[in-house]
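Work through the exercises below with the coordinates open. Try each task before reading its solution.

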Amino acid sequence: DTITYSAAVSACEKGMAWEPALHLLREMAEEQVERDTIIFSAVVSACEKGREWMSALQLLREMADEHVERNTITFNAAVSACEKGGVWTWAVHLLRKMVDD
């Protein structure tokens, strides 16, 4: 259920294990477990810690497609992932998008 997945994703985030966190998020979709802003933000944060900026951006798009609210925490993690990946143009784009949202 959601609480179990959230705990597992949180552990992945803290352990900088972005791949298992992403796998758990996909598994939630397959099992039709609700994916909310908190769970997406934790996975984006795990991607940020793993310097996986492309995955972080993909998750932001997925959130928009699924009408899941993207908040300051989510955007900040994605901006940080872009910064760590050296893609400043994407970081600036996300900052502008955050202001527009």
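The exercises that follow use a predicted model and go from charged pairs to the core and then to one helix.

**Exercise 1. Salt bridges between helices**

Task: Find which residue forms a salt bridge with E13, and state which helices the pair ties together.

Solution.
- Step 1. Apply the cut-off: a Lys or Arg side-chain nitrogen within 4 Å of a carboxyl oxygen of Asp or Glu. By this rule the count comes to five salt bridges.
- Step 2. The partner of E13 is K49, with the closest N and O atoms 3.4 Å apart.
- Step 3. E13 lies in helix α1 (residues 2-14) and K49 in helix α3 (residues 37-49), so the salt bridge ties together parts 36 residues apart in sequence.
- Step 4. Check burial. E13 is buried, at 17% relative accessible area. K49 is partly exposed, at 32%.

**Exercise 2. A second pair from α3**

Task: Locate the salt bridge of E48 and describe the burial of E48 and its partner.

Solution.
- Step 1. The side chain of E48 meets that of K84, with 2.4 Å from N to O.
- Step 2. E48 sits in helix α3 and K84 in helix α5 (residues 72-84), so this pair links parts 36 residues apart in sequence.
- Step 3. E48 is buried, with a relative accessible area of 9%. K84 is partly exposed, with 32%.

**Exercise 3. A charged network**

Task: Start from E62, find its salt-bridge partner R35, and trace the network that links them.

Solution.
- Step 1. E62 and R35 form a salt bridge, the closest N and O atoms being 2.9 Å apart.
- Step 2. E62 belongs to helix α4 (residues 53-65), and R35 to the loop between α2 (18-30) and α3, so the pair joins parts 27 residues apart in sequence.
- Step 3. Both E62 and R35 are buried.
- Step 4. Extend the search. Salt bridges link R26, R35, E62 and E66 in a network.

**Exercise 4. A polar residue inside**

Task: Is T74 buried or exposed, and which side chains make polar contacts with the T74 side chain?

Solution.
- Step 1. T74 lies in helix α5.
- Step 2. Its relative accessibility is 0%, so T74 counts as buried.
- Step 3. The T74 side chain makes a polar contact of 2.4 Å with the side chain of S41. Another, of 2.8 Å, joins the side chains of T74 and N71.
- Step 4. Now leave out residues up to four places away in sequence. T74 then touches T37, S41, V44, L60 and M63.

**Exercise 5. The nonpolar core**

Task: Which members of the largest nonpolar core touch the most other members, and which helix supplies the largest share?

Solution.
- Step 1. The core has 32 residues, and F40, V43, L59, L60 and L94 touch the most other members.
- Step 2. Helices α1, α2, α3, α4, α5 and α6 (88-100) each supply at least two residues of this core.
- Step 3. The largest share comes from α3, with seven residues.
- Step 4. Take L60. Beyond four places in sequence, L60 contacts R70, T74, F75, A78 and L94.

**Exercise 6. Helix α4**

Task: Test the span of α4, then list its buried residues and what covers them.

Solution.
- Step 1. The 13 residues of α4 should span 18 Å at 1.5 Å a residue. The end C-alpha atoms are 19 Å apart, which agrees.
- Step 2. The buried residues of α4 are S55, A56, L57, L59, L60, E62 and M63.
- Step 3. Their cover includes α2, α3, α5 and α6.
- Step 4. Look just after α4. There H67 takes a positive phi of about 60 degrees.

Technical notes
Residues numbered from 1 in each chain as written. Predicted model: local features only at pLDDT ≥ 70, side-chain atom pairs only at ≥ 80, totals over all residues. Heavy atoms only, no water. Helix = DSSP H or I, 4+ residues; strand = E, 2+ residues; numbered from the N terminus. Buried < 20%, exposed > 50% of the residue type's maximum accessible area, 1.4 Å probe, protein only. Polar contact = N/O pair within 3.5 Å; in protein donor to acceptor, adjacent residues only side chain to side chain. Contact = heavy atoms within 4.5 Å. Core = buried A, V, L, I, M, F, W, Y, C linked by side-chain atoms within 4.5 Å. Expected span 1.5 Å × (residues − 1).
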